[in-house]
Amino acid sequence: MSDPVAGEKKALRSAVQKALKAMPEEEILKHSEAVVSRLFTMPEVHQAKGFSIYVNMGCEVVTTAIITGLFSRGKRVFVPCVTGKRHCDMKMVEVKDYKEIESWPLNKWGIKELPVKEALARPCMLPSSAIDVVFCPGVAFTREGHRLGHGRGYYDSFLSRLTAHNATNSLPPPTAIGLSLAPQLVGSIPTSDYDVLLDAVITPTDIHLKSV
């Protein structure tokens with residue numbers, strides 16, 4: 001029996017990706033600069049010490065300035081490495097500087113990523129209280145904090161496990177923040193029970209905080 005929510009997600013994913021592919025590179029860079037400027041005004045970012053931040057694909061907010069900005073502010077930086085096909089097969093690896101990321105090869109999605117064998121040999125950062133803020137990629141976002149990913153479930157799984165670990169250790173949950181280009185902000189997203197709501201979504205023109 002087909003899942004109607006999965007079909008709706010697939011259709012929305014296709015529509016947003018089509019709009020993103022039509023964006024000139026200059027416009028993506030302009031939107032990204034605006035997102036980065038807003039991001040570093042957030043108290044949650046100033047106060048946090050450890051951050052999970054992805055290395056972007058072509059049609060996403062460019063994260064280079066975020067990564068280098070975090071390093072320049074003395075923050076700890078962790079980037080995701082996918083080690084398998086299960087939802088739980090995404091590992092956060094701590095990096096010491098941006099040059100380390102630049103030295104990694106491109107993966108099948110055209111993203112700089114530490115090879116799987118090397119990632120598996122690194123210390124596991126989950127469970128861990130070292131990550132305070134998780135910057136989340138996505139295909140689409142809403143002002144209310146809903147997120148449409150690529151359908152693999154890596155981030156929903158990671159956020160759920162990190163939140164559960166923190167709760168067990170009497171720690172606050174991580175702050176989950178979506179980074180959105182203008183065409184990625186939509187009115188609504190079909191949701192499933194396992195989808196994790198974000199605490200904030202940053203667009204080129206605003207910061208949308210989840211209602212408490």
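How many bridges join strand β1 (residues 50–52) to β2, and do the two run parallel or antiparallel? Select both strands in this predicted model and you will find 3 bridges between β1 and β2, which run parallel. To see one point of this pairing, display Ser52, which stands opposite Phe78 in β2.

Next, add helix α4 (residues 64–72) to the selection, since the path to follow now includes a helix as well as strands: β1, α4 and β2 together make a right-handed β-α-β unit.

Keep β2 (residues 76–82) selected and turn to its surroundings, where the strand proves to be mostly covered, with 6 of its 7 residues buried. Then bring in strand β3 (residues 90–95), which pairs with β2 in the antiparallel sense over 6 bridges. Within this pairing, Val82 is the residue to pick out in β2, and the residue that stands opposite Val82 is Met90 in β3. Strand β2 is thus paired with β1 in parallel and with β3 in the antiparallel sense.

The last stop is the cysteines. Select Cys59 and show its sulfur: the closest cysteine sulfur, in Cys136, lies 19 Å away, which is too far for a bond, given that a disulfide requires two cysteine sulfur atoms within 2.5 Å. By this rule the count for the model comes to 0 disulfides. While Cys59 is on screen, note that its relative accessibility is 30%, so this residue counts as partly exposed. Finally, move to Cys88, which is also partly exposed, with a relative accessible area of 34%.

How values were computed: Residues numbered from 1 in each chain as written. Predicted model: local features only at pLDDT ≥ 70, side-chain atom pairs only at ≥ 80, totals over all residues. Heavy atoms only, no water. Buried < 20%, exposed > 50% of the residue type's maximum accessible area, 1.4 Å probe, protein only. Helix = DSSP H or I, 4+ residues; strand = E, 2+ residues; numbered from the N terminus. Pairing = 2+ DSSP bridges. Right-handed = clockwise from strand over helix to strand, strands pointing away.
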